[in-house]
Amino acid sequence: MDTILSILPTSLKAIMQNLPNATKDILEEIRIREKRPLEIIFRGGYAFVGAKSQLYREPGSAYVTSREECAAVLELATHHSVYTFDEELRRGYITISGGHRVGLAGRTVLEQGKVKQIKEVSGFNIRIAREAAGSGSKVLPLITDHEAHSVLPTLIISPPQQGKTTLLRDLTRLISSGIWPSPLWAGLGLKVGIVDERSELAACSHGVPTFDVGPRTDVLDGCPKAEGMMMMIRSMSPDIIAVDEIGRPEDAEAIHEAVRAGIRVMATAHGRDLADVSRRPILKQLIQDGVFQRYVVLSRRAGPGTVEFVCGGNGEPIQQRGGAAVRIGGTDRC
């Protein structure tokens, strides 16, 4: 929380500091909008926030953020050097220390029909990143390739803010640390390469991970996914590559190249389920090509990171030992 408070002006910092501890413990987003009420999102709901940290359902009594306060947030988030964050402003977010992503809204500047940057930033969504050590423990046995002492190529699917990145991070920690479901492999970690385009998986500070991603993990921080995967293949000889939020044609090409090189890929994608992501042409082709042999579908039904399905390459829920289907949702397919 200290990192987040460090990018807030004094007025907003005081409001956030004085929130009830029970609320701070489950805080997920802070929404700051110029000349509009201050809002927070927390597990299970949202509230507007008053000048004395009171929580309201209706916006009328909430603290209204000024233009000066919004300008201060941008200055602090960019370390008083907005122009050095041109690439981040073009993409619409800034990642700050600790892996917290600050989404930006405002007036866009176009160049040849494409967004060059966001100017006159008037809205911020501070998404709070948290580690969840152990969140991958139930999933790892279901994606393990017992014959190869590795994991099966896996795609983790969910809408935004439902635990994809958190689960992927913990899986890299377990695999790199050698914390396997089989006691025969205890301590036998694999080399993992993380391509962390948005600096959220490892939350690097000056190139060094601040999240625990395991002792045998190498990170390319702030690197485009496709280029980073190729760099990992050429230079770092990973056993496994982990990458967040795939979906572009160049991502698919790099994943194919990794598979051809014998590297297992763990990736995430936005979508409600396998049918949903299959509507996106690039992901549909990867699925049809049989690149992934496991699909993990998450929801927020019982809190972020709820595992609804773990499915095989054909979309059928796989079976745990003892014959119990992993599916806990309401349908029969991913």
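This passage describes salt bridges, pockets, a cavity and two single residues in a predicted model.

The structure holds 19 salt bridges. Two of them share Arg101, a residue of strand 6, which spans residues 100–111. In one, the side chain of Arg101 meets that of Glu200, with N and O 2.4 Å apart. Glu200 sits in the loop between strand 11 (192–196) and strand 12 (204–205). The pair links distant parts of the chain, as Glu200 and Arg101 are 99 residues apart. Glu200 has a relative accessibility of 9% and counts as buried. Arg101 also counts as buried, at 10%. Both values fall under the 20% cut-off for a buried residue.

Arg101 forms a salt bridge with Glu245 as well. Here the closest N and O atoms are 3.7 Å apart. Glu245 belongs to the loop between strand 15 (240–243) and helix 9 (249–260), whereas Arg101 is in strand 6, so this bridge ties together parts that are 144 residues apart in sequence. Glu245 and Arg101 are both buried.

Another salt bridge joins the side chains of Asp145 and Arg264, at 3.1 Å from N to O. Asp145 is in strand 8 (residues 144–145) and Arg264 is in strand 16 (residues 264–270), so the pair ties together parts 119 residues apart in sequence. Both Asp145 and Arg264 are buried.

Salt bridges also form a network. Its members are Arg91, Glu197, Lys225, Arg248, Glu250 and Asp251. Two of these residues, Glu197 and Lys225, return in the lining of the largest cavity.

The structure holds one cavity of 30 Å³ or more. The volume of the largest cavity is about 30 Å³. The residues that line the largest cavity are Val195, Asp196, Glu197, Arg198, Lys225, Val243 and Asp244. By class, this lining has five charged residues, two nonpolar residues and no polar ones.

Pockets come next. The largest pocket has a volume of about 950 Å³. Its lining is made up of 39 residues. Gln162, Gly163, Thr166, Pro304 and Gly305 lie nearest the centre of the largest pocket. Three elements give two or more residues to this lining: strand 1 (27–33), helix 7 (164–177) and strand 18 (306–312). Helix 7 gives the most, with five residues. The lining of the largest pocket divides into 15 nonpolar, 13 charged and eleven polar residues.

The second largest pocket has a volume of about 440 Å³. Its lining counts 25 residues. Of these, His79, Thr95, Ile96, Ser97 and Cys204 lie nearest the centre. At least two lining residues each come from helix 4 (67–77), helix 5 (86–91), strand 5 (93–96) and strand 12. Strand 5 gives the most to the lining of the second largest pocket, with four residues. This lining has eleven polar, nine nonpolar and five charged residues.

Helix 4 and helix 5 also frame the loop that holds Thr78. Thr78 has a relative accessible area of 0%, so this residue is buried. The side chain of Thr78 reaches the backbone oxygen of Glu75 at 3.4 Å. With neighbours within four places in sequence left aside, Thr78 is in contact with Phe85 and Ile94.

Pro215 presents the opposite case in accessibility: Pro215 is exposed, whereas Thr78 is buried. The relative accessible area of Pro215 is 67%, over the 50% cut-off for an exposed residue. Pro215 is placed in the loop between strand 13 (208–209) and strand 14 (217–221). Residues up to four places away in sequence not being counted, Pro215 touches Ser176 and Ser177. Pro215 and Asp86 are 129 residues apart in sequence. In space, Pro215 and Asp86 are 33 Å apart, C-alpha to C-alpha.

Technical notes: Residues numbered from 1 in each chain as written. Predicted model: local features only at pLDDT ≥ 70, side-chain atom pairs only at ≥ 80, totals over all residues. Heavy atoms only, no water. Salt bridge = Lys/Arg side-chain N within 4 Å of Asp/Glu carboxyl O. Buried < 20%, exposed > 50% of the residue type's maximum accessible area, 1.4 Å probe, protein only. 1 Å grid on protein atoms, 1.4 Å probe; cavity = no way out; pocket = protein on both sides within 12 Å on 5 of 7 lines; lining within 4 Å. Points joined across faces, edges and corners; volume = space filled by probe spheres on them. Nonpolar A, V, L, I, M, F, W, Y, C, P; charged D, E, K, R; others polar. Polar contact = N/O pair within 3.5 Å; in protein donor to acceptor, adjacent residues only side chain to side chain. Contact = heavy atoms within 4.5 Å.
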